[in-house]
Amino acid sequence: MYKRARTSRDLKPISFIVLGAFALEFEKLIHDNSAWLIVFLAAISVGLWFAYVSWYSQFKKRDSDQLKIGSKLPKLYFVGLDGSEFSTSQFKGKKMVLLFYRGNWCPLCMAQIKEIGDQYNELKALGAEVLLISPQPHKFTIDLAKKRDLDFHFLQDKDNRVAKALKIYAKGGTPFGLEILGFESDTVLPTVIITDEKGYIIFADQTDNYRVRPEPETFLKVLKGI
């Protein structure tokens, strides 16, 4: 709703509102025994909310051996919007920001891409090439590229081959039902990698909660060496 790429980890303000609303419903039951169905449904809603906060939003603890700070990022291959093979080796001698996003269906991913788009001029001035990578079919990525109209590299990680190699693969990570729209059931875990001119990793965000992502200023600070 706020078009931001992150929330707090536990969403305490909203959780207090949810509990307060349930307390009001429960108070009805004290005065009216016939309100038990409403209270029962409210209790289910509370349970679903806390399942979302404490379980659904969480990933298993992530610590890919391939993304250690100071290690060299291997040569990666993707598919460009025109269908041709795209390799990170063509950016030899340049800094890179690789943003792996789940797909157009993920509002936090879209907000994060907008944030990094707002930094376009600053990122270019620092000599960084920005790669926006997703396993989603190109028809969705083309729509996104047209909407953003930026000189970033919109790439497809076909069949999640790179995600699997880097151990940032999310089997069954796409919400149920989106396959009907043409999205694959498997996707990538939201990840940001920044490399220096020699291809060494100087930053890697492996969030363990899809709602918690780095502030946009972080990327600029890393590229400036702060």
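Which backbone nitrogen does the side chain of threonine 88 reach? In this predicted model, the side chain of threonine 88 comes to 3.0 Å from the backbone nitrogen of leucine 76. Threonine 88 is located in the loop between β2 (85-87) and β3 (95-100). Its relative accessible area is 6%, so threonine 88 is classed as buried.

## Overall architecture

The protein chain contains 7 helices and 9 strands. Along the principal axes, its C-alpha atoms occupy a box of roughly 75 × 40 × 35 Å. Of the 226 residues in the protein chain, 46% are buried.

## Contacts involving the backbone

A further side-chain to backbone contact involves histidine 138, a residue of helix α5 (residues 138-148). A polar atom of the histidine 138 side chain lies 3.4 Å from the backbone oxygen of valine 79. Histidine 138 has a relative accessibility of 15% and is therefore counted as buried, the limit being under 20%.

Glycine 117 belongs to helix α3 (residues 107-118). With a relative accessibility of 13%, glycine 117 is also counted as buried. The C-alpha atom of glycine 117 is separated by 9.4 Å from that of aspartate 151, although the two residues are 34 positions apart along the chain.

## Aromatic pairs and charges over rings

A pair of aromatic rings is described by the distance of the centres and the angle of the planes. The model contains 10 aromatic pairs. One of them joins phenylalanine 203 and phenylalanine 219, with 6.2 Å from centre to centre and 70° between the planes. This pair is edge-to-face because its interplanar angle is over 60 degrees. Phenylalanine 203 is part of strand β9 (residues 201-205) and phenylalanine 219 is part of helix α7 (residues 217-223), so the pair ties together parts that are 16 residues apart in sequence.

Are these two rings buried or exposed? Phenylalanine 203 is buried at a relative accessible area of 15%, and phenylalanine 219 is buried at 3%.

A single aromatic cluster is formed by Trp49, Tyr52, Trp55, Tyr56 and Tyr210. Tyrosine 210, a member of that cluster, also has arginine 102 over its face, at 4.5 Å from the ring centre. Lysine 164 has its charged end over the ring of tyrosine 169, at 5.0 Å from the centre of that ring.

## A nonpolar surface patch

Which residues form the nonpolar patch on the surface? The patch consists of Trp36, Leu37, Phe40, Leu41, Ile44 and Leu48, and together these residues have about 640 Å² of accessible area. Isoleucine 44, one of the patch residues, is found in helix α2 (residues 36-56). Its relative accessibility is 38%, so isoleucine 44 counts as partly exposed. Patch membership requires over 30% relative accessible area, which is why isoleucine 44 can be included.

## Salt bridges

The structure holds 12 salt bridges. The table lists some of them with their N to O distances.

| Basic residue | Acidic residue | N to O distance |
|---|---|---|
| Lysine 28 | Glutamate 25 | 3.3 Å |
| Lysine 114 | Aspartate 118 | 3.3 Å |
| Lysine 124 | Glutamate 129 | 3.5 Å |

Glutamate 25 and lysine 28 both belong to helix α1 (residues 12-31), where they are 3 residues apart, about one turn of the helix. Glutamate 25 is partly exposed, with a relative accessible area of 22%. Lysine 28 is likewise partly exposed, at 41% relative accessibility.

The bridge between lysine 114 and aspartate 118 lies within helix α3, and its partners are separated by about one helical turn because they are 4 residues apart. Lysine 114 is partly exposed, with a relative accessible area of 39%. Aspartate 118 is exposed, with a relative accessible area of 56%.

How exposed are the partners in the bridge between lysine 124 and glutamate 129? Lysine 124 is partly exposed, with a relative accessible area of 29%, whereas glutamate 129 counts as buried at 10% relative accessibility. Elsewhere, salt bridges with shared partners connect Arg4, Arg6, Glu115 and Glu215 in one network.

Key
Residues are numbered from 1 along each chain as its sequence is written. This is a predicted model: local features need pLDDT of at least 70, side-chain atom pairs count only at pLDDT 80 or more; totals for chains, interfaces and linings use all residues. Side-chain values use heavy atoms; hydrogens and water are left out. Rings of Phe, Tyr and Trp (its six-membered ring) pair if their centres lie within 6.5 Å; planes under 30 degrees apart count as stacked, over 60 as edge-to-face and the rest as tilted. Helices (H or I, at least four residues) and strands (E, at least two) are DSSP runs, numbered from the N terminus. Buried means under 20% relative accessible area, exposed over 50%, partly exposed in between (1.4 Å probe, protein chains only). A charge sits over a ring if NZ of Lys or CZ of Arg is within 6 Å of the ring centre and within 35 degrees of the ring normal. Patches are made of residues with over 30% relative accessible area and no salt bridge: like charges are joined within 9 Å, nonpolar side chains (Val, Leu, Ile, Met, Phe, Trp, Tyr) within 5 Å. Accessible areas come from the Shrake-Rupley method with a 1.4 Å probe; for residues, only the protein chains shown count as cover. A salt bridge is a side-chain nitrogen of Lys or Arg within 4 Å of a carboxyl oxygen of Asp or Glu. A polar contact is a pair of N or O atoms within 3.5 Å; within protein, one must be able to donate a hydrogen and the other to accept it, and residues adjacent in sequence count only if both atoms are side-chain atoms.
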